[in-house]
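Work through the following exercises with the sequence and the 3D structure at hand. Each task is followed by a solution in steps.

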Amino acid sequence: NNLNLNPGDIILYRSNKKLSIGKAIQFFMKRYLKKLGVEKSIVYNHSATIINLYDRLFVGEALGKGITISPFDDTYANKLDRIKIITPKKAYSKIEKEKINKVVLSYVLKPTRYDFLNFWYQIKMILNTTKKGDKDWDGPTGKKATKRMYCTEASATWANEIRQNTFKDPWSINPVDIDLNKYYKVVYNGVK
C-alpha cells in the first residue's frame with residue numbers, strides 16, 4: 001500500500017454493520033462526545049496499532065480471542081473507507097519504532113484475554129462523565145487491567161510503554177479518547 005504507515009500509528013475503525021457491538025459502541029461514543037461538548041459527525045468503535053515485522057506491516061489489536069497480530073493488508077486494506085490513521089505528532093525514533101514492535105509482540109505471546117466487562121465500565125463512565133471531561137472509572141486499573149484488555153485500552157497501553165503519559169489512565173480509554181488525543185495527528189482519513 002502507499003499509506004506510508006509506521007510502527008506506532010493507530011488505526012481507528014468504524015463498523016458499518018447495522019446491528020452490531022460496533023454500532024452500540026458508536027452510539028455511546030456519540031453520547032460521550034456530547035458530554036464533552038465536542039462536535040464530531042464520525043465516531044469509531046475499534047482501534048489497532050501498526051507494527052513492522054520483517055519489513056511487513058502488521059496490526060496488533062485486542063479481539064474477542066485476545067491480543068492478536070495480522071498483516072495490515074489482510075485485515076484493513078479492503079476497509080480503507082472505514083478507517084482513520086493517526087501518528088504521533090513527534091515521530092517515533094528508530095529505537096521507539098523497534099520498541100513498539102517488541103511491546104505489542106510481548107502482549108501477543110502472553111495470555112491476554114479480551115475484557116468484555118469493559119462495555120459495562122465504559123457505559124457507566126460515559127453516563128457519569130461531567131461537562132469538564134472528568135471521568136469516573138470503575139473498572140480494573142494498573143497491572144490488573146493489563147491481564148484483560150480491549151482494543152483502545154491496548155493501543156493506549158502500548159503507546160504509554162513507548163512514551164509515558166501519552167494517554168491518562170489507559171485502562172479507561174475509548175475510541176473518542178484516542179481520536180481526540182493531543183499527541184497525535186491524522187495521516188489518513190478514508191471515512192466519509
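**Exercise 1. Aromatic pairs**

Task: State how many aromatic pairs a search of the whole structure finds, and describe the pair of Tyr-13 and Tyr-76.

Solution. Step 1: the search of the whole structure yields five aromatic pairs, where rings of Phe, Tyr and Trp (its six-membered ring) pair if their centres lie within 6.5 Å, and planes under 30 degrees apart count as stacked, over 60 as edge-to-face and the rest as tilted. Step 2: Tyr-13 and Tyr-76 make an edge-to-face pair, with 6.0 Å centre to centre and 65 degrees between the planes. Step 3: this pair links distant parts of the chain, since Tyr-13 is in strand S1 and Tyr-76 in the loop between helix H2 (72–75) and S5, 63 residues apart. Helices (H or I, at least four residues) and strands (E, at least two) are DSSP runs, numbered from the N terminus. Step 4: Tyr-13 has a relative accessible area of 12% and is therefore buried; Tyr-76, at 3%, is buried too. Buried means under 20% relative accessible area, exposed over 50%, and partly exposed in between (1.4 Å probe, protein chains only). Step 5: ring pairs link Tyr-13, Phe-72 and Tyr-76 into a cluster.

The model is predicted: local features need pLDDT of at least 70, side-chain atom pairs count only at pLDDT 80 or more, and totals for chains, interfaces and linings use all residues. Residues are numbered from 1 along each chain as its sequence is written, and side-chain values use heavy atoms, with hydrogens and water left out.

**Exercise 2. The sheet**

Task: Give the strand order of the open sheet and name its edge strands.

Solution. Step 1: the open sheet has six strands in the order S4-S3-S2-S1-S5-S8, with antiparallel pairing; two strands pair if DSSP finds at least two bridges between them. Step 2: strand S4 (66–71) and strand S8 (184–189) are the edge strands, each pairing on one side only. Step 3: from one strand to the next, the twist averages 30 degrees. Step 4: strand S1 (residues 10–13) and strand S5 (residues 83–88) run antiparallel and are joined by four bridges, with Ile-11 opposite Ile-85 in S5. Step 5: S2 and S3 pair antiparallel over five bridges, and Asn-52 has Leu-57 in S3 as its bridge partner. The hairpin of S2 and S3 has two residues between the strands, and in this hairpin Tyr-54 takes a positive phi near 50 degrees. Step 6: S3 and S4 pair antiparallel over six bridges, Val-59 stands opposite Ser-70 in S4, and the hairpin of S3 and S4 has two residues between them.

**Exercise 3. Ser-47**

Task: Locate Ser-47 and decide whether Ser-47 is buried or exposed.

Solution. Step 1: Ser-47 belongs to strand S2 (residues 46–53). Step 2: the relative accessibility of Ser-47 is 1%, so the residue counts as buried. Step 3: the side chains of Ser-47 and Ser-155 are joined by a polar contact of 3.0 Å. A polar contact is a pair of N or O atoms within 3.5 Å; within protein, one must be able to donate a hydrogen and the other to accept it, and residues adjacent in sequence count only if both atoms are side-chain atoms. Step 4: a polar atom of the Ser-47 side chain lies 3.5 Å from the backbone nitrogen of Thr-152. Step 5: not counting residues up to four places away in sequence, Ser-47 touches residues including Ile-10, Glu-61, Cys-151 and Ile-178; contact means heavy atoms within 4.5 Å. Step 6: helix H6 (residues 151–162) lies across S1, S2, strand S3 (56–63), S4 and S8, at about 45 degrees to S2. Axes are lines fitted to C-alpha atoms, for helices over the stretch in contact, and angles run from 0 to 180 degrees between N-to-C directions.

**Exercise 4. The salt bridges of Asp-179**

Task: Find which residues are joined with Asp-179 into one network by salt bridges that share partners.

Solution. Step 1: Lys-40 and Asp-179 form a salt bridge, their closest N and O atoms being 3.5 Å apart. A salt bridge is a side-chain nitrogen of Lys or Arg within 4 Å of a carboxyl oxygen of Asp or Glu. Step 2: Asp-179 is buried at a relative accessible area of 14%, whereas Lys-40, at 33% relative accessibility, counts as partly exposed. Step 3: Asp-179 also meets Lys-84 in a salt bridge (2.6 Å, N to O). Asp-179 lies in helix H7 and Lys-84 in strand S5, so this pair ties together parts that are 95 residues apart in sequence. Lys-84 is buried, with a relative accessible area of 7%. Step 4: the network therefore consists of Lys-40, Lys-84 and Asp-179.
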